[in-house]
Structures are given as structure tokens and as C-alpha cells.
Amino acid sequence: MASELCESWPGAGPSSVRKAPEHLNSSGLRIEYAEGKGRGVYACREIPPQTLIEVSPVLLFSAEEYDAHGKHTVLDHYTFKWRDGRMALALGLGSLFNHSQRPNVSYTIDSATESIRYVTTRRVSPDEELCIFYGHQLWFDPVDTADAAGPLVPEERDDGWGGLANLDGEDENDSARREGSPFDFSEEGARDKIVPEDELPFTRIKLTPEDIEEEDMDAVRREDAWVVDLPDPRLAAVMLKYVRNSDQSGFDTPSMAHLKRIRKLDDRMSMVLILTREHTSPPVFPSDIQLPPPYSLPVPKTAALTMSSLKLKSSLWPTIYAPRKKFEPEPWSRGKVRWACEAMKEVVKRAQEAGRNGELPIAAYVPVPCDDETRIATQLLEPLSAHDTRKSASHPLRHSIINLVRAVGELRASLTSAEAKSPAPQLTPIVDPPTPSPLPTPYGVPSADQVAVALSSPRPGTPSAQSQSEARNGAHYLLTSLTLFTTHEPCVMCSMALLHSRVKEVFYLYPMEKTGGCGSITCVPRLEGVNHRYAVNRWKFVGTMAEEWKKRWGLDVDETCDA
């Protein structure tokens, strides 16, 4: 809290030249003097968002002691009210962070350790000053009124705590809006400007193993398959015809697509039949095909992606060469990132509402697509949402994502009728009943009348489903081409439901290490043999700060809970 005070200190004349002291730390910070502001904290290197940069212990004074002595000294410019009415002075770097209307650092009070934790709210560039927001009732004229480094803090009534109170015990309705929120994203810059990968507020989870190239023999993944020797080369054509007749042999399975059927080794010829995990006992051939008994042999588990891995794998069994392009993630514009941040704020609000109503604080949310083309193609003109209702429905399967998928199914079914309708913000009575039904349906399943109530009246210009065939060919199938946001990592059941619903991508805030199906105990869209893969993205929100926000928002659930 230097803010222009250094020039008025005793002994600091107009010609005095002050030198900033060295500061030893591991966060890449330094102390500097700035014209008109005095001492401040600056970045020595680039600092990622959500980085803990300082923990400042506080020195506490009783109200009586401060009234009698402290407020008559220069300390009066640096102290603020603590929660219990005492006055607090931040030690360390805490009192050197200057004020900004667009702060790049947030802070939380830790009453248990009598300290303040400072965390970056966005990426901080080298040599950029690190600033916090003091509040709107300032006792000095701010120097950086025109500074455009970050989002402007909206005007609000003074909280009486020098700006610190709004991060501890804040209004629940504003919990996702405050400075320092993990959903903050600068409004500066053109909407179509592409955001660098390391500046995105989320991390993309890769759907392929890190060692997929398998460049040495020890790294080659393999499994056993049934193989039979062909003593007469003419039997090769007979066996190929037999194997390809899946109704007769059952050997033509997708798991064999990466292997060549025939291997020639010197003057011997062999044929791979089927994996032993798919056919546990040795295969038996028709009586008119006379062959020696099959035996098991280790074969490569996947196709070869490079020429070097092709050579290694073919030494085990001839393998298909299927080079892949280097992973090229979809670029995200600034406008689309802001759209995602707003969606994540909304799903947090829905989860909080559920928690206040006695449900598990878990919610799922599908926003209106960011681009016009997808919006028209999916016919989604209003967002969809659902929350967990296992408690109120007394049903173990009423997870938020399952409820949302059901709501989407109801919407799609209604759109195939003669009169197309646009969804209301809350679609299914399982989520938010508009009116209690006098005759409750079993397990919280909505009646036809309840579904009708949950759908809004037709609007002019709303695209309608053009035909039953358009729905059948997948154009409007459940979550096709849509993005889903959820507070907690989906469990395995919900992850599989999303796969069958053909969702495009999933974003989650909190990983569930013991139950999550999108990267924790498994990653469902990464499994072999699945017929659809969707992108999985985890919000960059981990560690101590994530746990603090989880408790503050009321989103804490048991770690063994299936979300």
C-alpha cells in the first residue's frame, strides 16, 4: 500500500533519491520505485494465473491501542480492520502492493494463521506491476485511473473493511463475479483474437497416451492372439474367406484392424485369428478345413504411428502403418473464452441454488452455442441446465448430467412434433418443478403435462426440426455439437452417458480423484473401442485456492461421491 506516500515521509526531501531494497523470494517478485506511486511490487518474470505469490503475516493491534497510538502515526495509511474489530498491518510484501482499478492480484484473509494470501488473477507479464484493489472509498487520488491491464472493478458500496471483506464472507449471488475469481478474463482485445494455449483458463486433457509412439521394444504394448500355421499356401485364400465371414467364424472384429492377417517367415506362413481376450479357448475350424492346432502369440496392441515403431511391431507380427498428425487443438478466440467463463459462472450459481435447497451442490449446464452456425444447426436458442436430485427423488441415478440428458431428450422429442418449440432456461421438472403435481410420478420422472409446462411457447423465427428423418440421421441427436459445463468431474456412468449423447466437449471445475470418469480413475472417451470421443477440459483451478473457493461457494462434496 505504498501509493504516493513515500514523498511525504519525514526526511524525504524533493531531491532525495530512494533505492529499492533487494527482496529474496521464489515467486519472481521485486520491489521498485515508481514516479508518483512510491514503492511497489513488480514481476521479474512471467507469472501464470492463479499463482500464489505471497503469504503475508499480519500484526494485530487492539482497537484501544490503535486509537491511542497507531492512528497518529504513518501506520494509519497501511492498516485495515480485521474481522474481530482489531486493526491489522500486513507484513512482508503485503503493505507494498499498490492499488489499481483493474487489479491483477487477488487476496484472501486466513484468520486461522493470521495472514493474507495473494494470488494472481491473470497472466502477469515480466516487469508488470502487481496491484490489488483497495476498495472504492479511497483516501488518495489513484494514479492508474486510465490503466487498462485488466477488468475494471465495478462500483459498489463501501464494505468498511478496506476492500478486503469482499473476499471473505461475500454475497453468495456475487461469488463468481468478484475480482480474483477463476472465471475472470480481461475484456480488453478483439473478440476474434486467438488466445495462446498457455493463457487459456482451462487445461485440455489428451485422449491418447503420452508414450503412444512406442519407439523402443520395451515400450511396445502387446497382447496375446490365437495364431495358426498354414502348411499349404493355398489354404491362405480359404482361411481369409472363412475369417471374413463373421457370421461363420466370429473372428472379423474391430480389435484386429491394426494387424495384417498373414505372416510369411522364410518358407512358413501363419495367420492371426483373434485376440485371446475375445476368444478364451483355442478356435475350432470347420471339418473341411484341416489345420494344425492354434497357439497363442504376443502381437502389437495398436497400429504403428512411426516408421521406427512399424519396424519394431512388425518383428512381432505384421502391423498396419497409420501415421497420425501431431495433436492440433482447436484455437480459441477471446470472445469464445469469455463465453466459456460466463457459462462456468452460471453452472456454479445453479449448483449453489441446489445446495441451498438441500440437494448435492452439483450442476450441469449447456449454454447456447457461441457461433451462429452451431446455434442454428442444433436449434438451441436457450441454455439447458440441471442439478443433482438424488436426495429429493430418493433415487441413486438422479445425477445432474443424467437429468440434463433426459431434459435434452424431452426437448428433441418435442421438436419433432408439428409445432416446434424453443426450450425454456430450465427444462425438466426434475431440476426445478414449475408447479408441484397433485399426483407425483414415480422416482421423480416427469409426466407428459409437466414436460409441456417446462417448454416455452413458440417464438417467431425459431428454426424447427425439418423432418423426422433429420432427427434420425443425427443432426439433432441429444448433445451432438454441444458443449457441457459442470461443477464436478462426471463419474464413470455420467461420462458414458455423455459419450452416448454425442456431446462435443466437457468442461469441469473440480476433479473427483476417487470417482471421476473424465481423467481421474479413468477417461471414458479415451477407452479403446468406444465409438465416439469428446474433448475433456479441466479448469485451471487447483491446490489450496481451489479448496478455499469450493468451501466459500458451498460446493464441497464427499470425495467418494459419484458426481
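## Helix α2, strand pairing and salt bridges in a predicted model

On helix α2, the exposed residues A237, K241 and R244 sit on the face turned away from the buried side. The model is a predicted one. The buried residues of α2, which spans residues 235–244, are L235, A236, M239, Y242 and V243. These buried residues lie on the same side of the helix, because they cover an arc of only 130° around its axis.

### The chain as a whole

The protein chain contains 12 helices and 19 strands. It has 563 residues, of which 48% count as buried. Its accessible surface is about 27700 Å², and carbon and sulfur atoms contribute 53% of that area. Among contacts with a separation of 6 or more, 70% are between residues 24 or more positions apart.

### Strands β1, β2 and β9

Strands β1 and β2 form a hairpin in which 3 residues separate the two strands. In the turn, G36 has a positive phi of about 80°. The two strands run antiparallel and are joined by 6 bridges. One of the paired positions is A34, whose bridge partner in β2 is G38.

Strand β2 covers residues 38–43, and 5 of its 6 residues are buried. β2 also pairs with β9, again in the antiparallel sense, over 2 bridges. Here V41 stands opposite L130 of β9.

### The six-stranded sheet

An open sheet of 6 strands has the order β10-β19-β18-β17-β15-β16, and its pairing is mixed. Its edge strands are β10 (202–205) and β16 (384–387), each of which pairs on one side only. From one strand to the next, the twist averages 20°.

At the β10 edge, β10 and β19 run antiparallel and are joined by 4 bridges. T203 has R538 in β19 as its bridge partner. Helix α5 lies across β15 (363–366), β16, β17 (483–488), β18 and β19. The helix runs at about 45° to β17.

### Salt bridges

Side chains of opposite charge can pair when their charged atoms come close. The structure holds 15 salt bridges. The table gives three of them.

| Pair | N to O distance | Separation in sequence |
|---|---|---|
| D127 and R30 | 2.9 Å | 97 residues |
| E223 and R277 | 2.7 Å | 54 residues |
| K514 and E559 | 2.8 Å | 45 residues |

D127 and R30 form a salt bridge. D127 is in the loop between β8 (115–120) and β9 (129–132), while R30 is in strand β1 (residues 29–34), so the pair ties together parts that are 97 residues apart in sequence. R30 counts as partly exposed, at 22% relative accessibility. R30, D127 and E32 are linked in a network of salt bridges. The strand that holds R30 is also the one that forms the hairpin with β2.

The side chains of E223 and R277 meet in a second salt bridge of the table. This pair links distant parts of the chain, with E223 in strand β11 (residues 222–229) and R277 in the loop between β13 (268–275) and β14 (295–300). E223 is buried, its relative accessible area being 13%, whereas R277 is partly exposed at 48%.

K514 and E559 also meet through their side chains in a salt bridge. K514 lies in the loop between β18 (505–510) and β19 (535–539), and E559 in the segment after α12 (543–553). Both ends are partly exposed: K514 has a relative accessible area of 48%, and E559 has 49% relative accessibility. The strands on either side of the K514 loop, β18 and β19, belong to the open sheet of 6 strands.

### The surroundings of I320

I320 is in the loop between α4 (307–314) and α5 (334–356). With a relative accessible area of 31%, I320 is partly exposed. Apart from its neighbours within four places in sequence, I320 is in contact with A257, H258, L259, K260, A303, A304 and L310. L305 is 15 residues away from I320 along the chain, and their C-alpha atoms are 8.9 Å apart. The helix that follows this loop, α5, is the one that lies across β15, β16, β17, β18 and β19.

Notes: Residues numbered from 1 in each chain as written. Heavy atoms only, no water. Salt bridge = Lys/Arg side-chain N within 4 Å of Asp/Glu carboxyl O. Buried < 20%, exposed > 50% of the residue type's maximum accessible area, 1.4 Å probe, protein only. Contact = heavy atoms within 4.5 Å. Areas by Shrake-Rupley, 256 points an atom, 1.4 Å probe, with all protein chains shown as cover. Arc of directions from axis to C-beta. Pairing = 2+ DSSP bridges. Axes fitted to C-alpha atoms, helices over the stretch in contact; angles between N-to-C directions.
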